[in-house]
Amino acid sequence: MILCANPRAQYLANRREIEAAIGRVLDGGWYILGPELRAFEGEFASYVGVAHGVGVGNGTDALRIALAACGIGPGDEVVTVSHTAVATVAAIEMAGATPVLADIEPRYFTMDPGGIEKLLTPRTKAIVPVHLYGQPADIDPILGIARGHGLKVIEDCAQAHGATYQGKRVGSFGDAACFSFYPTKNLGAIGDGGMLVTDDPEVAGRARALREYGWRDRFVSEVPGWNSRLDELQAAVLRVKLRSLDRDNGARVRLADLYDRELVTAPVSVPARRTDATHVFHLYVVRSKDRDALREFLKGRDVAAGIHYPAPVHTQPAYAGRIRHGGLPVTEMAVREILSLPIYPELTEPELRTVAGAVADYFAR
């Protein structure tokens with residue numbers, strides 16, 4: 001079976017360094033909020049191009065804590081998208097705020113800036129654009145709208161480690177930004193993990209307090225907080241993988257280029273790429289009106305294709321009928337057609353050609 005993602009392959013590619021890093025932590029005897037985390041927070045923030053990183057338990061917590069650290073909470077509305085992992089919307093509600101959903105651009109699957117202003121009310125306090133599949137959202141006009149209305153911008157970068165927009169890495173544009181280190185991500189832990197980054201020292205300070213019960217001094221909660229900490233083992237592993245992130249992203253881009261060439265005659269739409277950005281292909285997502293039948297055909301050829309995501313958040317049972325939006329026709333059309341083909345740095349060119357050949361065979365029947 002050719003897997004859609006393969007975190008084990010990345011572990012094996014870095015096995016010696018990862019196991020040495022884990023041994024260093026085990027021998028050191030400091031397992032929570034220690035030197036590995038502090039080093040990784042600094043290294044990752046520097047990589048993104050901001051001053052501060054705050055490691056937390058997962059990407060959802062990163063977004064929840066970033067919202068709270070930016071002063072977003074009960075009574076506030078936050079504009080985001082429905083075409084995203086449900087974690088984006090869940091985190092907004094976990095922070096006590098109310099999500100409001102914008103539609104996406106048909107070519108890039110990211111937030112359509114043209115649909116934002118009609119959703120704003122006096123209660124709107126923030127915008128959360130999602131850099132989906134490794135493709136940056138069109139952040140410049142989003143920032144312009146936010147500045148014009150006095151809104152915070154918190155970037156959801158869970159799928160876009162290392163992607164750039166107009167020469168800057170995503171995560172360096174907003175008031176804060178959030179990353180997931182789930183094992184399948186471009187920068188993935190061996191377990192869960194997340195980080196929020198920011199240039200604002202006050203936001204960073206509040207986030208550090210919120211991740212540990214609201215403590216600034218140990219055992220004294222200045223504000224209500226949570227328990228969400230990136231542990232030393234995961235930080236050590238991520239430090240190893242961060243050193244090869246640009247190389248691995250380059251491999252993803254080369255594989256995407258090869259897919260583009262191999263699929264040129266197939267009646268599927270390959271991913272569009274912004275001309276002023278770099279797409280890092282966390283996922284390689286094609287579109288086909290035959291999506292479901294194509295996926296079953298690929299499964300029969302031992303190719304595991306995914307759907308990210310099969311149901312927009314506003315249609316899922318937990319959210320249906322209770323989240324405001326201005327109409328989401330592009331989102332609702334896209335989710336019927338999208339299909340994620342296997343892509344990860346260790347995928348071989350013969351494996352990729354097997355996948356592309358199976359796609360071609362489906363349409364040649």
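So, α10 and α12: these two helices sit oblique to each other. Keep in mind as we go that this is a predicted model. On your screens, α10 is residues 291–300 and α12 is residues 349–364. Their axes are 10 Å apart, and the packing angle is about 125°. An angle like that is over 115 but not over 145, so it falls in the oblique class. As for handedness, α10 goes past α12 in a right-handed crossing.

Who touches whom here? From α10 we have Ala293, Leu294, Phe297 and Leu298. Across from them, α12 brings in Val355, Ala358, Val359, Asp361, Tyr362 and Phe363. Sort that contact by class and you get 9 nonpolar residues, 1 charged and no polar ones.

Okay, second helix pair: α4 with α7. α4 is residues 59–69, and α7 is residues 201–210. The axes come within 9 Å, crossing at roughly 125°. That makes this pair oblique as well, α4 against α7. And α4 passes α7 in a right-handed crossing.

The contact itself has Ile65, Ala68 and Ala69 on the α4 side. On the α7 side, look for Val203, Arg206, Ala207 and Leu210. The class split is 6 nonpolar, 1 charged and no polar.

Hang on to α4, please, since it comes back in the next part. What supplies the lining of the largest pocket? Well, α4 gives at least two residues, and so do α1 (7–13), α5 (86–94) and the strand β8 (176–180). The pocket holds about 560 Å³ of space. There are 35 lining residues, and the ones closest to the centre are Ser180, Tyr182, Thr184, Lys185 and His282. If you're following along, Ser180 falls within the β8 range. By class, the pocket lining comes out as 18 nonpolar, 12 polar and 5 charged.

Last stop, the closed space. How many cavities of 30 Å³ or more are there? The count comes to 1. The volume of the largest cavity is about 70 Å³. It has 13 lining residues, and closest to its centre you'll find Phe109, Tyr133, Gln135, Pro271 and His279. The cavity lining divides into 10 nonpolar, 2 polar and 1 charged.

To recap the helix part: α10 is oblique to α12, and α4 is oblique to α7. For the spaces, remember the pocket at about 560 Å³ and the cavity at about 70 Å³. That's my bit, thanks.

Note on methods:
Residues numbered from 1 in each chain as written. Predicted model: local features only at pLDDT ≥ 70, side-chain atom pairs only at ≥ 80, totals over all residues. Heavy atoms only, no water. Axes fitted to C-alpha atoms, helices over the stretch in contact; angles between N-to-C directions. Helix = DSSP H or I, 4+ residues; strand = E, 2+ residues; numbered from the N terminus. Parallel < 35°, antiparallel > 145°, perpendicular 65-115°, else oblique. Left-handed = near helix turned anticlockwise from the far one by under 90°. Contact = heavy atoms within 4.5 Å. Nonpolar A, V, L, I, M, F, W, Y, C, P; charged D, E, K, R; others polar. 1 Å grid on protein atoms, 1.4 Å probe; cavity = no way out; pocket = protein on both sides within 12 Å on 5 of 7 lines; lining within 4 Å. Points joined across faces, edges and corners; volume = space filled by probe spheres on them.
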